[in-house]
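Please open the structure in your viewer and keep the selection panel at hand. The tour below proceeds by successive selections.

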Amino acid sequence: MTSLQAAARSAVHHAVSATAVCLALAACSAAADDTKPATPMTRYETPKDAGQPAQTKTADQSEPAKAPEFSAHGAFSNICGFCHEDGGRRAGKGPQLMGTEKTDEQIFERIKFGKPGRMAAFGGVFTDDQIKQIVVYIRNLKPR
Amino acid sequence: MKRWKNQVAGGVKAVAAAAFACVAAQAGAADVTYDRLLNAAGEPGNWMMYHGTYKSWHYSALDQINTANVGRLQEAWSHVASRAYRGLQSFPLAIDGVVYYTSSYNQLYALDGATGQMLWTYKQKLNEDLVAKQTHSPYNRGIAAGYGNIYMGTLDGKLVAVDAKTGKLNWETKLINSEKLTVGFTGAPLVVKDKVIIGAQGGEWPYRGPIFGVDAKSGQQVWQFFTVGGNEDNGDSRNTWGGDSWKTGGGGGWMAGSYDPETNSVWWGTGNPAPLYDWAGPDWQNNGPRPGVNLYTTSVVLLDPDTGKLKGYWQELPHDAWDFDSAMGEFMFIDQGGKKYVVHPNKGGFVFVYDRNANPQKVWPFVKNINFVQTIKDDGTLVGRRDLREGKHENLCPAIAGGLSWNSGSYNPKTKLFYRVGYEWCIDLEVVKTTPVLEPMAQLNIGADFKFVPAKGEERMYGHVDGRDPITGKVAFSIHYDVPPHASLLTTGGNLLFVPGADGVLRAYDASNGKLLWGHQNGMGHNGGIITYTAKGKQYIAVVTGWGSLVGDGYGEWFGEPYASYPKDAGVLKVFALP
């Protein structure tokens, strides 16, 4: 097991801040990013139901699919989880998001604008508000 | 010897062309007629379509390089691709001394096969704003040649024809509304008679994955076949989807299939349905997001190349609830014991063996760790399905990346063995209810949170390359790999098996017994194609390098270094020859 894996496991089991591990939010790349140092700036307000399990309604079978009620967890199970394993708790095709050292702004920008050849830009899919909910969901991630 | 005669003829043609044109060996793809494609096996010095020939053996009879001398194989030349995000994933073509290949963002290169000198390059003008929003992007898996053109499917939903001599665009035809559906083309097209056939991306994507037939000369779309719910005359198939779920059913035919001239049938594989996982579990016949068997997803379809009409099909996994596409996997036409078979690997780890009318004759497992079903009978019946309800589940095998993957295997008619990479890995997952996102653009519809784990009872995830009887699956030999290769295989008449490793080493084995004969470090992993060809009478091996496919991206986490440190935007075409 590499030091990267060992540190990730340690973060999961002991729920410590992953300061010993350099984790990048260049999703679908486990390599360290070289963007600005992580200094938390704005913290988005926590909506009431952020981080709760999906409340997503299923489409009525007899109607065309409607736009779903938004939930960050639902977004992970639909879309994000393809690369960010276990609801964002584990690295896989993309880096681990739980305990990330990235700032809220950096996470927001990455979701909105993507990274060429690494992660799609989701700014057209989620509103700014929904992206902020995803950021809050990520911040609230705990080991299962 | 027949082979030498062809090569000499090709060489003479090339020299004559060079005498007239400022670019050498340009007679190539202009002369790729349908007849030549039909008889491609008779030109082992050329590789004229993605799978080599319509038999899809990924084999060449060339034996100038063989078990006796492969130890002296060395680099002859290489070509560096630009913007090679997610590495090179394509199969080059080699026609009359010219090598053509694609890299990411739909760039296409024509190179002198002997020297690597660039003859021309073509860069498609893409809707890059759209491409930035795609997940299964920006790579390209390959091209087709015919009628003076090199055909390529684009990320933003077009089929283009580039002039093989000059590299100029002859025509482009928009086939998919990618701006709305998000998906486009990444797979190679296939020339059949006077048509070019290509399939859209789209398994866990909420559309209906069409396969298209386009006129090879004019570029006019002639037909499309909807893999989900079929066309208007396949009404019954829509009844295999509860309610309107067929409208967002998925099922793309995203890799190149093949063609049987004896039955005039195009064989094509279709992708999984959407959402990928189904929270209704065992109640899937009547409940859940897509009740029913979901035709024609995770199926093998036989289409009339002239009309696109469905002639026959076999659904490998009815109501696929695991993402085990039939869209990947070559269709190998193999005769054995006086019978004619079509051998097709399915992503779930089983190999399906059909007769020429797509009736299963035998089904055998290529990998050890399978529990999504208990078994599949030789008539194709699934036994002991593991349907996963909403909630947590452990150790679903194989993992979502499959027990077999989209890179090709090989069949060697001399050893009579079928070679492929097997993946031994599983996932723990939690299935959740999801709803398709269609506005403003379609998005993935997975339906679960998952994480990769070794199979229960195994210490780690791993892979293997096996030589097996293609019909019975009997193992002749198995080469263990701590880290599974994720590239295509090649075998030759020189009795060689080439395996491009994830660790960057291209290895050559004795195809009869798996003995390692040669290896060369290419600088980074391989996740694409490998061919052999001749130029000016000399045999070459050409392999693409690069890393970062949607399977390979996980290797850094699962296997550590060097995978974690691989560049994500690099790719080189490497070509080898004897001194």
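The stops that follow take each chain in turn and end in the nonpolar core. Please note at the outset that the model is predicted.

**Chain A**

Select chain A and display it as a cartoon. Its secondary structure consists of 4 helices and 0 strands, and the order along the sequence is α-α-α-α. Next, colour the chain by burial: of its 144 residues, 47% are buried. For a contact map of chain A, consider the pairs with a separation of 6 or more; 58% of these contacts join residues 24 or more positions apart.

**Chain B**

Now select chain B, where the cartoon shows 6 helices and 38 strands. How compact is this chain of 579 residues? The radius of gyration of chain B is 22 Å, close to the 25 Å given by the globule rule, so the chain is as compact as a globular protein of that length. Reduced to its C-alpha trace, chain B spans about 70 × 50 × 50 Å along its principal axes. With burial colouring applied, 65% of its 579 residues count as buried. Among contacts in chain B with a separation of 6 or more, 63% link residues 24 or more positions apart.

**The largest nonpolar core**

Finally, select Tyr100(B), Ile143(B), Ala144(B), Phe498(B) and Ala542(B). These residues have the most contacts inside the largest nonpolar core, which has 207 residues. Centre the view on Tyr100(B) and ask which residues it touches, leaving aside those up to four places away in sequence. The partners of Tyr100(B) are Pro92(B), Leu93(B), Leu108(B), Tyr109(B), Ala110(B), Ile143(B) and Ile150(B). One of them, Ile143(B), is also among the residues with the most contacts inside the core.

Conventions:
Residues numbered from 1 in each chain as written. Chains lettered and ligands numbered in written order. Predicted model: local features only at pLDDT ≥ 70, side-chain atom pairs only at ≥ 80, totals over all residues. Helix = DSSP H or I, 4+ residues; strand = E, 2+ residues; numbered from the N terminus. Buried ≥ 20, exposed ≤ 12 C-beta atoms within 10 Å, placed from the backbone. Contact = placed C-beta atoms within 7 Å. Core = buried A, V, L, I, M, F, W, Y, C linked by C-beta atoms within 7 Å. Rg over C-alpha atoms; globule rule 2.2 N^0.38 Å.
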